[in-house]
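Hi,

Here is the structure I promised to pass on. Have a look at it first, and then read my notes underneath.

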Amino acid sequence: SRCSSLCIKSVAHSNLMLPLAGSSLALGMPTDEVLQLRPLLKFFIFCLGSTVVAEVIAGFLPSAITDVLTVVYGAMLLHRDMEGLVQGLHVISVIAALNCALQAFSLLQILLGKPGAKYFLANECIVSVARIKEGQPVYEHLNLCSWHTVLGNLAICSAVVFEFLCARLSWKMFKSQEAASMAMASTLDLETRGSLRGGRVGLMGSDLAASEAGSGRPIPLAGFTPYQGQPHRMVEDD
């Protein structure tokens, strides 16, 4: 009953705070922005999962393996509670950003290589390909395009977009949570300092005035306990 409001706030704050992996920052309860953006992040991860299916059908297996990492981790994160989601936001942001860069590089290779950008959405393209046969170059005309390449190219474009959106959205959610946590920590620190200056003591948060009135003797400041035993005099032996 003698525990002050500072004690109650401190206990509640410590119960709601969660340690952030790889950082000394502790994240509290999800902010309103995190709660509002969570369904949108879930939608983007679902779209990225559909993109992975399209890449597998098109035969673009390396691209599918790249994107499935974001999908799997994002699905695991979204199936956790809100506290678990908050702790993993920075991780999925980094994963999605790296995969976005890899997919953008793959798309650049497709545009600059054969058959080239002009056949990006063509289901038929006859290209001359040189092969070495019996030490002599032999040129053959091959059709390097099909509906598989069209589907795969579109899937890679979609992967770049959705990986970027997942990275941007999760990072925005993380920064929102970080700002709220830092504001909460600053407020709690100011309240603690003000309470100590006002005469509140220790973890129990009791007032100095009330303690002095009840015990009849002054109460020391928090963190300092005077010696209360018998005094000893240190003298040199003759």
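Below is what came out of going through the model.

First, a caveat: this is a predicted model, so please read everything here in that light.

**Overall layout**

The protein has 6 helices and 6 strands. Starting at the N terminus, their order is α-β-β-α-α-α-β-β-α-β-β-α. There are 238 residues, and 34% of them count as buried. If you take the contacts with a separation of 6 or more, 62% are between residues 24 or more positions apart.

**Helix α4 and its partners**

I spent a good part of my time on α4, which covers residues 82-112. What does α3 do against it: how are the two helices oriented? Helix α3 (residues 61-78) packs on α4 at an angle of about 170°, and the axes are 10 Å apart. Since angles over 145 degrees count as roughly antiparallel, α3 is roughly antiparallel to α4. On the α3 side, the residues that meet α4 are S63, T66, D67, L69, T70, Y73, G74, L77 and L78. Their counterparts in α4 include G84, G88, V91, I95, A96, N99 and L102. Sorted by class, the α3 contact with α4 comes to 11 nonpolar, 8 polar and 1 charged.

Helix α2 (residues 32-58) also packs on α4, here at about 40° with the axes 12 Å apart. That angle makes α2 oblique to α4, and the crossing of the two is left-handed. From α2, the residues taking part are V34, L35, R38, L41, I45 and E55, and they meet M82, L85, L89, I92 and Q103 in α4. By class, this contact of α2 with α4 has 8 nonpolar, 1 polar and 2 charged residues.

L85, L89, I92 and Q103 of α4 are worth picking out on screen: they are among the residues that meet α2, and they are also among those that meet α3.

**Two buried asparagines**

N99 sits in helix α4. Its relative accessibility is 5%, so N99 counts as buried, the cut-off being under 20%. Leaving out residues up to four places away in sequence, N99 touches T66, L69, T70 and E163. T66, L69 and T70 belong to the α3 set that meets α4.

N153 is in helix α5, residues 147-197. Its relative accessibility is 6%, so N153 counts as buried too. With the same sequence neighbours left out, N153 touches F60, I110 and F120.

**Backbone details to check**

Two spots in the backbone caught my eye. As background, most residues other than glycine have a negative phi, and most peptide bonds are trans.

The peptide bond from K114 to P115 is cis, with omega near 5°. P115 is in the loop between α4 and β3.

The other spot is in the hairpin formed by β3 and β4, where 2 residues lie between the strands and E134 takes a positive phi near 55°. The strands themselves, β3 (residues 126-133) and β4 (residues 136-143), run antiparallel and are joined by 8 bridges. To get your bearings in the pair, find S128, which stands opposite H141 in β4.

That's it from me; shout if anything is unclear.

Cheers

Definitions and conventions
Residues numbered from 1 in each chain as written. Predicted model: local features only at pLDDT ≥ 70, side-chain atom pairs only at ≥ 80, totals over all residues. Heavy atoms only, no water. Pairing = 2+ DSSP bridges. Helix = DSSP H or I, 4+ residues; strand = E, 2+ residues; numbered from the N terminus. Axes fitted to C-alpha atoms, helices over the stretch in contact; angles between N-to-C directions. Parallel < 35°, antiparallel > 145°, perpendicular 65-115°, else oblique. Left-handed = near helix turned anticlockwise from the far one by under 90°. Contact = heavy atoms within 4.5 Å. Nonpolar A, V, L, I, M, F, W, Y, C, P; charged D, E, K, R; others polar. Buried < 20%, exposed > 50% of the residue type's maximum accessible area, 1.4 Å probe, protein only.
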